[in-house]
Amino acid sequence: MIKVTANVEGMMCGHCEAHVNDAVRAAFQVKKVTSSHSKGVTEVISEEPIDEEKLRQTIEATGYKVTGIQTEPYEKKGFSLFHK
């Protein structure tokens with residue numbers, strides 16, 4: 001699993017977040033996408049790496065500015081009684 005975090009300027013409300021999330025879902029096969037206007041980020045969780053430039057173009061096509069993108073491995077954090 002891969003986690004991609006995009007720093008996004010211009011989101012002002014929950015509707016802005018939904019607009020970005022919908023655009024990302026339409027452009028990529030993702031497990032999860034969440035945006036926060038207060039933090040200025042969009043986080044994308046996917047099984048395969050995604051094209052960072054295409055992500056930038058997808059978000060910027062909705063009218064917001066991407067100021068940076070970070071990619072890192074993602075490990076699902078779940079509740080476990082038995083810590084391995």
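This short talk walks through the sheet, the two helices and one loop residue of the structure shown above.

Before I start, please keep in mind that this is a predicted model, in which local features need pLDDT of at least 70 and side-chain atom pairs count only at pLDDT 80 or more, while totals for chains, interfaces and linings use all residues. Residues are numbered from 1 along each chain as its sequence is written, and side-chain values use heavy atoms, with hydrogens and water left out.

Let me begin with the sheet, which is open and is formed by four strands in the order β2-β3-β1-β4, with antiparallel pairing; strands here are DSSP E runs of at least two residues and helices are H or I runs of at least four, numbered from the N terminus, and two strands pair if DSSP finds at least two bridges between them. The edges are β2 (32-36) and β4 (65-73), each of which pairs on one side only, and the twist from one strand to the next averages 15°.

Strand β1, residues 2-9, is joined to β4 by eight bridges in the antiparallel sense, and within that pairing V8 has V66 of β4 as its bridge partner. Helix α1 packs on the sheet, where it touches β2 and β3 (41-46), and its direction makes about 155° with that of β2. Helix α2 also packs on the sheet, touching β1, β3 and β4, with a direction at about 140° to that of β4; contact means heavy atoms within 4.5 Å, and angles run from 0 to 180 degrees between N-to-C directions, with axes fitted to C-alpha atoms, for helices over the stretch in contact.

On the other side of the sheet order, β2 and β3 pair over five antiparallel bridges, with T42 in β3 as the bridge partner of S35. Their hairpin has four residues between the strands, and G40 there takes a positive phi near 70°.

How do the helices meet? The axes of α1 (residues 14-27) and α2 (residues 52-60) come within 9 Å and cross at roughly 135°. The helices are therefore oblique to each other, a term that covers angles outside the classes of under 35 degrees (roughly parallel), over 145 (roughly antiparallel) and 65 to 115 (roughly perpendicular). In this contact, V20, A23, V24 and A27 of α1 meet K54, L55, T58 and I59 of α2.

Finally, D51 lies in the loop between β3 and α2, and D51 is partly exposed at a relative accessible area of 45%, where buried means under 20%, exposed over 50% and partly exposed in between, with a 1.4 Å probe and protein chains only.
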